[in-house]
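Good morning, colleagues. Please take a moment to look at the model on the screen before I begin.

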Protein chains: 2
Amino acid sequence: MANIHEVAKQAGVSSATVSRVLNNTSSVTEKTRQKVEQAIKELNYEPSMLGRNLRNSESRLLLVLIPNFSNPYYTEIINGIEDFSVERGYNILLCETDSNPTRENTFFNMVKNKLADGIISMDPTINMAKLQELAKKHSIVLCSEYDELERIPYVAIDNEAAAYKVMKHLIRLGHENIALINSDEKFLYARQRRKGYERALKEFDLPLRKEYIYNTNNLDFQGGAQAMRKLLQLDEIPTAAFAVSDTLAIGALKELNVKGMDVPDAFALVGFDNISFSNMTNPTLTTVAQPMYQMGIAAANMLIDQLQGKPVDSVMLEHELIIRESTLN
Amino acid sequence: MANIHEVAKQAGVSSATVSRVLNNTSSVTEKTRQKVEQAIKELNYEPSMLGRNLRNSESRLLLVLIPNFSNPYYTEIINGIEDFSVERGYNILLCETDSNPTRENTFFNMVKNKLADGIISMDPTINMAKLQELAKKHSIVLCSEYDELERIPYVAIDNEAAAYKVMKHLIRLGHENIALINSDEKFLYARQRRKGYERALKEFDLPLRKEYIYNTNNLDFQGGAQAMRKLLQLDEIPTAAFAVSDTLAIGALKELNVKGMDVPDAFALVGFDNISFSNMTNPTLTTVAQPMYQMGIAAANMLIDQLQGKPVDSVMLEHELIIRESTLN
DNA sequence: ATGAAAGCGCTAACAT
DNA sequence: ATGTTAGCGCTTTCAT
C-alpha cells in the first residue's frame, strides 16, 4: 500500500500538500488538488490511520462496556451509540467484560495507552472506584447504571419513579400481594427500583412482606424461572409480580406456564426494558420502556463533547409503562 | 502520561533498553531490568499502542461483521471469537453493517488503512465481490454464510443436511403438508436449506407445493408472524412448518397463538439456531443447534493463523436437531 | 549487554 | 500557495 510520500512524488508536490488535500485544512490551488487526487487514484492510496492517529494522538475509537452480549436490553442502546458516533467520525468497540476484573483492566488499559479515546460504560458490575480514577484523566460517560456521587456524567432514567408507576398499575388492578423479583441490590438501579416498590406499598397501605422480595444474581431466563418457583412455594402465593428485567419476567412467565397458572387471570406479571421478545410471549408482557435509542445517542453525544473539551451535564430521560396482556384486567 | 524516553531517563538507561524489558526480546541484566521496572512503576507508564502499532504496522484489532446487533443468533459465535482472540492478543471490533454498502465500505477501509488487521464476516448480505477483492491483500474469514467459489476460507455447517433432518423428523411424525418459511434465496444458506427441504419431500414421495414456500426478507419476529398469517389463509392449510431461523419461528408461533391454533396438536413448528429464547416459548421450540461457540473459536483461529502466514482450510462443523414441545407427537 | 539512530506515516509550525 | 522540517512513541538494526 502506497504511503503519502509516494503520492507526493507521483503528483510532483510535497507530502504536506497531499496532507492538505486529504484534510482540506488550508487552501490548495485547484490545479494542485487535481494532480494530487489523480495520484491518489492511480496509486490506490488510503491514508494510514496508524500514522494519523499517532500524530494526532487520538484513535477515534470509543469503548462501550457491557457485562455480556447476550442481554438484548443493550442492543438498542448500542444502535444509538453507534449511529451517532459514526456520524461524528468515531468508531465504537463493543467490550464484553463478563464481570471479570481482568477483562475490565484490559479495556481500561486500552484507554490509558491510547488505543481508545474514551468509554461509555453500561456495566453495572464495573469497578466504580477504578473508573473514577480513570475519569480524572480520560473521558468517560455512564449509561443506565450511574455513580451516586455523580462525579462521572451519566444518562439514565428515574428508576424509582418507574417502579412506583408499575406498582401503582398493579395495585389499581386490585392486587395486594405483589412480589418483587429484583437483581442484586449492590446495583444502584436495583436499590432504586426497590425503593419505588416500597413507596407504592406504603402509600396504598399495603404491608411490606419480606418473603415477597426475591433477589437473584442471575439476570437471565433461568434466574426468573427460579425466582417464580420459589414464590409459588410460599404459603400465601402472591397474585402479581414485578420483575426488574424482561429476561427475568420471561423466565418467570415460563415457570407460570409450566405450573399451569393462567396469566393474567391467576397471576399478573410486569417486566422492565421492553426488549423485542416481550411482545412475542404468550401472553405479551407489560413492561417499562426506556428510550434506549435516545439514551445511546445522548451517551455518545456526551462522550464526544467531553473529548472535544465541551462541558457536559448528566441527563435523565423519560420512561413509559407499556400495558400488555400480562396485566389486562 | 509518560513515554518511553522519560522512563529511560528515570531508569538511567536508553529507550532501547526499556523496549527490551517491555518485550523481553533480547537479554537484559537482572539489575537493569529491575531499574527499568522500578521506573515504569514510579511513572505509572503504559506503553502507547499507537506508537507500537505504527512501528509494527499492525493494529491487533479484528473486525467482526454482522448485519445487525439485534439477532441473538450471533451472540454466542461472537463469544467464541472474542474469547479466542483475546487469548491470542487480539481485540475484536463488532461491526454492524445494517446491510448498508456505505457502512460496509467504512469497515473495508479500516482494514485497508491499517486500523484493523483482518475481518471475520458473518454478514450474508455482504458484497462478496468486494470482499474477495479485499481478500487478495488482506486476511479474511467467513462464518456461517460462505463463498460458493471457496476463494475465502470459511467455517459453516451443512445446511442442506440440517434441513433434510428437520423434514425427516416432521414427516415421521405423520405430517404431509409442511411449509417452509425461508429467507431471501439470494443467500446461500437459504438455497441450501430449501434444497434439503425439497430433497426430503422427494424422497418420501410428497408433493412439492409452491404455495407452501414463503420467502421473507425480514428475518425478525414480524417476518415470521406475517409468513404464518399468509400460510393460514391458504385453502389447504399446512399442518407443520419449518422456519429457517428461530426468530421467524417465534413470530410464527405468536401468530398461531393469536389464531388459537394449538402447537403442536394442530400445527407443528421447527426453528433453526437454538437461540436461548427458543427454550422459553410456550410451547418450547424444536430447533437445529449449531455449535456456535465452536464456530467462533474456529473462525478466530483461522483468521489469526492466516495473519501469521500459516495455511488455513475451511471447516464444516456438526449440527444437531433439538426436539422440544413444538413437535412432540 | 547496552546505546545511538533511523524510520514506521502522518500533520503542523514555520519558512518561503 | 507550497515546501521544509520536526516529531508523535515505539522497535530494531547496527555499533560498541
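**Two chains and two DNA strands**

I begin with one direct contact to a base: an N or O atom in the side chain of Arg20(B) is 2.5 Å from a base oxygen of DNA strand C. As to conventions, this is a predicted model, in which local features need pLDDT of at least 70 and side-chain atom pairs count only at pLDDT 80 or more, while totals for chains, interfaces and linings use all residues. Residues are numbered from 1 along each chain as its sequence is written, chains are lettered from A and ligands numbered from 1 in the order in which they are written, and side-chain values use heavy atoms, with hydrogens and water left out.

Let me stay with DNA strand C. It has 26 residues around it, and Ile4(A), Tyr45(A), Arg55(A), Ser27(B) and Thr29(B) come nearest; a residue counts as near when one of its heavy atoms lies within 4 Å of the strand. Of the atoms of DNA strand C that come within 4 Å of the protein, 62% belong to sugar and phosphate. Two contacts to phosphate oxygens of this strand come from polar side-chain atoms, that of Tyr45(A) at 2.4 Å and that of Asn23(A) at 3.1 Å. By class, the surface near DNA strand C has eight nonpolar, 13 polar and five charged residues. In this scheme Ala, Val, Leu, Ile, Met, Phe, Trp, Tyr, Cys and Pro are nonpolar, Asp, Glu, Lys and Arg are charged, and the others, Gly among them, are polar.

I turn to DNA strand D. Which residues are closest to it? Of the 26 that surround the strand, they are Arg20(A), Ser27(A), Thr29(A), Tyr45(B) and Arg55(B). Sugar and phosphate make up 61% of the atoms of DNA strand D that come within 4 Å of the protein. A polar side-chain atom of Thr29(A) lies 2.3 Å from a phosphate oxygen of this strand, and a polar backbone atom of Ile4(B) is 2.5 Å from a phosphate oxygen. A base oxygen of DNA strand D is 2.4 Å from an N or O atom in the side chain of Arg55(B).

Next, the protein interface. 49 residues of chain B are in contact (heavy atoms within 4.5 Å) with 47 residues of chain A. The size of an interface is often given as the accessible area lost when the parts come together. Here the buried area (accessible area lost, 1.4 Å probe, summed over both parts) is about 4,300 Å², of which carbon and sulfur atoms give 64%. On the chain B side, Leu50(B), Lys254(B) and Met280(B) lose the most area to chain A, together 16% of what that side buries.

How many salt bridges are counted between chain B and chain A? The count is five, a salt bridge being a side-chain nitrogen of Lys or Arg within 4 Å of a carboxyl oxygen of Asp or Glu. Arg103(A) and Asp83(B) meet in a salt bridge at 3.9 Å, N to O.

I close with Glu58(B). Is this residue buried, exposed or partly exposed? Glu58(B) is partly exposed, with a relative accessible area of 24%, where buried means under 20%, exposed over 50% and partly exposed in between (1.4 Å probe, protein chains only). Leaving aside neighbours within four places in sequence, Glu58(B) is in contact with Leu50(A), Asn53(B) and Asp117(B).

Methods
Polar contact = N/O pair within 3.5 Å; in protein donor to acceptor, adjacent residues only side chain to side chain. Buried area = accessible area lost by both parts, 1.4 Å probe.
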